[in-house]
Amino acid sequence: PEAITVQELANRMAARGGEVVKALFRMGVMATLTQTIDADTAELVVNEFGHRVRRVSESDVEQGLEGTVDADEDMLPRPPVVTIMGHVDHGKTSLLDALRKTDVAAREAGGITQHIGAYQVTVQGGQKVTFIDTPGHAAFTAMRARGASVTDMVVLVVAADDGVMPQTIEAIHHAKAAGVPLIVAVNKIDKPGVNLDRVRQELLQHEIVVESLGGDTMEIQVSATKAMNLDKLLEAILLQAEVLDLKANPNRGAEGTVIESKLDKGRGPVATVLVQKGTLRQGDMVVAGAEWGRVRAMLDDKGRQLKEADPSLPVEILGLSGVPAAGEPLSFVEDEGRAREISEFRQRKLREKQAAAAGAARGTLADMMA
Ligand code: GDP
Ligand code: MG
């Protein structure tokens, strides 16, 4: 049960704040407009005012948005979503760039690449893999804190000449906490005198046991700058994906997660969204975090205009009312009224949270000055 401020309760009943304070007083509860009362007390007040009790909770307003269960027979295979992590300078960006160049579809499109936070490559043979470019581990942590799970596996980049470093260990912890498998990409093997055994032993100390040491973690030796063994890495990713048996129902309203967002001078709010369920279509009404809007335009990582986006495809969308934060969920909704209702509800919750945080901060200050 939620707590609610007296003012908020009055607003929801379209009653005067003073009347609610009076009703509470009659019930023996002394509260001002800004004070919070628990849900049970609120219910008594609502009864007092002769309203039918309807606790507007997350599940009420957002019912049907998430948690729609798909039937097994509607589930179809979807491409894996991969996050590349590792210590600074171990070659994450170089590897992402190199992998992007393996895209057979990009060559057909003339190789125009747009830098959005995620892209999808089509491997020889037509299979697809989506890569997410985490701007840093902090962003990954923020997404996880919001409960967003976007990645199916982590490719851990470890420079052969440097070995396991602090951010390597951090990435191992992230993968473990997220419960996703990890593939080790030992990078920079083009450098002379690299010691692979040392890297393996260091990984072992952090409970990552590679196959050559009898474990089940795949280890691929690559060179991002010399484009060595990228096919083997993609093969390992697809193998892991097969084991995971990744599926989604493409024939339903879309659900996804905002990966990054910005306010663009010319285009307004722009969000990169990973579609995770269903198909997102141009013209769809959506809510994204506390924002809403009709998808005015949709672009892929090659800058091409799309009419629809299926599961595991990252797309840039235009048309939102504001800029949603990375990690926020995006959902298809049937109509504008509902989109507004959900957005208003979430905006209100956001304000309440901010007010509570401000209150807590004031409390701390008061404590300090006492
Ligand atoms: P990030 O910080 O993990 O994104 O690392 P970068 O991709 O920016 O790479 C850091 C440095 O390592 C750059 O100077 C790259 O050119 C270099 N580098 C990356 N991959 C390789 C590789 O496979 N071999 C060699 N010799 N250098 C590499
Ligand atoms: Mg980088």
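At 24% relative accessibility, Asn 229 counts as partly exposed, and this residue makes a friendly starting point for a walk through the model. Asn 229 sits in the loop between β9 and α10. Its backbone is worth a look: Asn 229 has a positive phi of about 65 degrees although it is not a glycine. Most residues other than glycine have a negative phi. Keep that in mind, as we will meet the feature again.

Before going further, remember that what you see is a predicted model. How confident is the predictor in the chain? The mean pLDDT is 87, and 85% of the residues reach 70 or more. Over residues 52–56, however, the pLDDT is below 50, although this stretch has 14 contacts in the model beyond near neighbours in sequence. Where pLDDT is low, the predicted coordinates should not be read in detail. For the complex, the predictor gives an ipTM of 0.99 and a pTM of 0.80.

Now step back and look at the whole chain. Its secondary structure comes to 11 helices and 18 strands. Of the 370 residues in the chain, 47% are buried. The accessible surface comes to about 18500 Å², and carbon and sulfur atoms account for 51% of it. Contacts tell you how the sequence folds back on itself: among those with a separation of 6 or more, 71% are between residues 24 or more positions apart.

Let us start near the beginning of the sequence, with helix α1, residues 6–13. Its buried residues are Val 6, Glu 8, Leu 9, Ala 10 and Met 13. Just after α1 comes Ala 14, which takes a positive phi of about 55 degrees.

Next, find the ligand. Which residues are closest to ligand 1? Of the 15 residues that surround ligand 1, the closest are Asp 89, Lys 92, Thr 93, Ser 94 and Asp 190. Sorted by class, this shell has eight polar, five charged and two nonpolar residues. Some atoms of the ligand can be paired with atoms of the protein. An oxygen atom of ligand 1 lies 3.0 Å from a backbone N or O atom of Gly 91. In the side chain of Lys 188, an N or O atom is 3.0 Å from an oxygen atom of the ligand. A nitrogen atom of ligand 1 is 2.9 Å from an N or O atom in the side chain of Thr 225. On its own, ligand 1 has 580 Å² of accessible area, and the protein covers 71% of this.

Which helix gives the largest share of the shell around ligand 1? That is helix α5, residues 92–100, which contributes three residues. The helix also has a buried side to explore: Leu 95, Leu 96, Ala 98, Leu 99 and Arg 100 are buried. The elements that cover these buried residues include the strands β4, β5, β6, β7 and β8, as well as helix α10.

Two of those strands, β5 and β6, are joined by a loop that holds Gln 127. Is Gln 127 buried or partly exposed? Its relative accessibility is 43%, so it counts as partly exposed. Gln 127 is in contact with Val 121, Thr 122 and Leu 238, leaving aside neighbours within four places in sequence. Gln 127 and Leu 238 are 111 residues apart in sequence, yet their C-alpha atoms are 8.2 Å apart in space.

For a contrast, turn to Asn 187 in strand β8. Asn 187 has a relative accessible area of 2%, and because buried means under 20%, Asn 187 is buried. Not counting residues up to four places away in sequence, Asn 187 touches nine residues' worth of company, including His 90, Gly 91, Val 157, Val 222 and Ala 224. Gly 91 is familiar from the ligand, where one of its backbone atoms lies 3.0 Å from a ligand oxygen.

Finally, visit helix α9, residues 196–204, where you will find Arg 200. Arg 200 is buried, with a relative accessible area of 13%. The side chains of Arg 200 and Ser 212 are joined by a polar contact of 3.4 Å. Beyond residues up to four places away in sequence, Arg 200 touches Ser 212 along with Val 210, Leu 213, Glu 219 and Gln 221. The loop between α9 and β9 holds Glu 207. Glu 207 counts as exposed because its relative accessibility is 63%. Like our starting residue, Glu 207 is not a glycine but has a positive phi, here of about 60 degrees.

Methods: Residues are numbered from 1 along each chain as its sequence is written. Chains are lettered from A and ligands numbered from 1 in the order in which they are written. This is a predicted model: local features need pLDDT of at least 70, side-chain atom pairs count only at pLDDT 80 or more; totals for chains, interfaces and linings use all residues. Side-chain values use heavy atoms; hydrogens and water are left out. A residue is near a molecule or strand if one of its heavy atoms lies within 4 Å of it. A polar contact is a pair of N or O atoms within 3.5 Å; within protein, one must be able to donate a hydrogen and the other to accept it, and residues adjacent in sequence count only if both atoms are side-chain atoms. Accessible areas come from the Shrake-Rupley method with a 1.4 Å probe; for residues, only the protein chains shown count as cover. Helices (H or I, at least four residues) and strands (E, at least two) are DSSP runs, numbered from the N terminus. Ala, Val, Leu, Ile, Met, Phe, Trp, Tyr, Cys and Pro count as nonpolar, Asp, Glu, Lys and Arg as charged, and the others, Gly among them, as polar. pLDDT is the predictor's confidence in each residue, from 0 to 100. Contact means heavy atoms within 4.5 Å. Buried means under 20% relative accessible area, exposed over 50%, partly exposed in between (1.4 Å probe, protein chains only).
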